[in-house]
Amino acid sequence: MKKISIFGDSISTDPILKALVEKKLSDRSIDAKVDIFAVPGESSKDGLKRLYQVVQGAYDYNIVFFGANDAALHYNVSPSEFVENLQRIASTLGQDKTSIITVPYLNEKLTSKYRSNEQVAKYVEAEINAFKDSPVNIINLNKAMWETRNPDKFIIDDGLHFTEAGYQLLSDLITENIRKKVE
């Protein structure tokens, strides 16, 4: 059985994510158990303080999904600090068994004045550039959301968190990423 951690902020806390990933992996004949290490309101800087929890589990694959808060202006985390935090996380967990999900699209009409897709784009670009020559995989959720032509369908009425369709997309991307690692 493969052990998988999902380490992140509030978007990762919904139990539907764990259930969907485990089911989709099972449907692909991959026996896996997913553990969620997610705390609402955290930035990658906060995540570093509890990274030891994930390390203790000795996971086969680690999915890291911070950034929605890091990219919010009132958190005061620059793109370079964000990337440094992600690099520390990936190095600690093992780069060859870590994948990082990009900061997702958000609905600017519904979210706070401290969040914008223009700001998010800076963090996504920093993530992609920081890991392009690394064994760490990037799961470009932001791009996948934009490519649907209606990314708002993935976001609930707070402008940030996911609908069931959002979790379906996210779990598809995670499942495909893990499938490639297993094969």
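**Exercise 1. A bridge partner**

Task: Which residue in strand 3 is the bridge partner of Gly8?

Solution. The bridge partner of Gly8 in strand 3 is Phe65. The model behind this and every later step is predicted. Next, place the pair in its strands. Strand 1 covers residues 2-8, and strand 3 covers residues 61-65. These two strands pair in the parallel sense, over five bridges.

**Exercise 2. Building the sheet**

Task: What is the strand order of the open sheet, and which strands are its edges?

Solution. Work outwards from strand 3.

- Step 1. Strand 3 also pairs with strand 4 (residues 98-101), in the parallel sense and over three bridges. Asn62 has Thr98 of strand 4 as its bridge partner.
- Step 2. Turn to strand 1. Seven bridges join strand 1 to strand 2, again in the parallel sense. Within strand 2, Phe37 stands opposite Phe7.
- Step 3. Assemble the order. The open sheet has five strands, ordered 2-1-3-4-5, with parallel pairing.
- Step 4. Find the edges. Strand 2 (32-38) and strand 5 (137-139) each pair on one side only, and these are the edge strands.
- Step 5. Add the twist. On average, neighbouring strands of this sheet are turned by 20° against each other, direction ignored.

**Exercise 3. The two faces of strand 3**

Task: Which residues of strand 3 point one way, and which the other way?

Solution. Start with the general rule. Side chains in a regular strand alternate between the two faces of the sheet. Now apply it to strand 3. Tyr61, Ile63 and Phe65 point one way. Asn62 and Val64 point the other way. Then check burial, where the cut-off is under 20% relative accessible area. Five of the five residues of strand 3 are buried, and the strand is mostly covered.

**Exercise 4. Helices on the sheet**

Task: Which strands does helix 1 touch, and which strands does helix 7 lie across?

Solution. Take helix 1 (residues 15-27). Helix 1 packs on the sheet and touches strand 1 and strand 2. The direction of helix 1 makes about 155° with that of strand 2. Now take helix 7 (residues 164-182). Helix 7 lies across strand 1, strand 3, strand 4 and strand 5. Against strand 3, helix 7 runs at about 150°.

**Exercise 5. Helix against helix**

Task: At roughly what angle do the axes of helix 1 and helix 7 cross, and what is the handedness of the crossing?

Solution.

- Step 1. The two axes come within 9 Å and cross at roughly 45°. Helix 1 is therefore oblique to helix 7.
- Step 2. The crossing of helix 1 past helix 7 is right-handed.
- Step 3. List the contact. From helix 1 come Ile16, Leu17, Leu20, Val21, Lys24 and Leu25. Their partners in helix 7 include Tyr167, Leu170, Ile174 and Ile178.
- Step 4. Sort the contact residues by type. Nine are nonpolar, three polar and three charged.

**Exercise 6. Unusual phi values**

Task: Where do Ser29 and Asn76 sit, and are they buried or exposed?

Solution. Recall the background first. Most residues other than glycine have a negative phi. Ser29 is not a glycine, but has a positive phi of about 60°. Ser29 sits in the loop between helix 1 and strand 2. Ser29 counts as exposed because its relative accessibility is 70%. Asn76 is not a glycine either, and has a positive phi of about 55°. The loop between strand 3 and helix 4 (79-93) holds Asn76. With 63% relative accessibility, Asn76 counts as exposed.

Notes. Residues are numbered from 1 along each chain as its sequence is written. This is a predicted model: local features need pLDDT of at least 70, side-chain atom pairs count only at pLDDT 80 or more; totals for chains, interfaces and linings use all residues. Side-chain values use heavy atoms; hydrogens and water are left out. Axes are lines fitted to C-alpha atoms, for helices over the stretch in contact, and angles run from 0 to 180 degrees between N-to-C directions. Helices (H or I, at least four residues) and strands (E, at least two) are DSSP runs, numbered from the N terminus. Angles under 35 degrees count as roughly parallel, over 145 as roughly antiparallel, 65 to 115 as roughly perpendicular and the rest as oblique. A crossing is left-handed if the near helix is turned anticlockwise from the far one by less than a right angle, and right-handed if clockwise. Contact means heavy atoms within 4.5 Å. Ala, Val, Leu, Ile, Met, Phe, Trp, Tyr, Cys and Pro count as nonpolar, Asp, Glu, Lys and Arg as charged, and the others, Gly among them, as polar. Buried means under 20% relative accessible area, exposed over 50%, partly exposed in between (1.4 Å probe, protein chains only). Two strands pair if DSSP finds at least two bridges between them.
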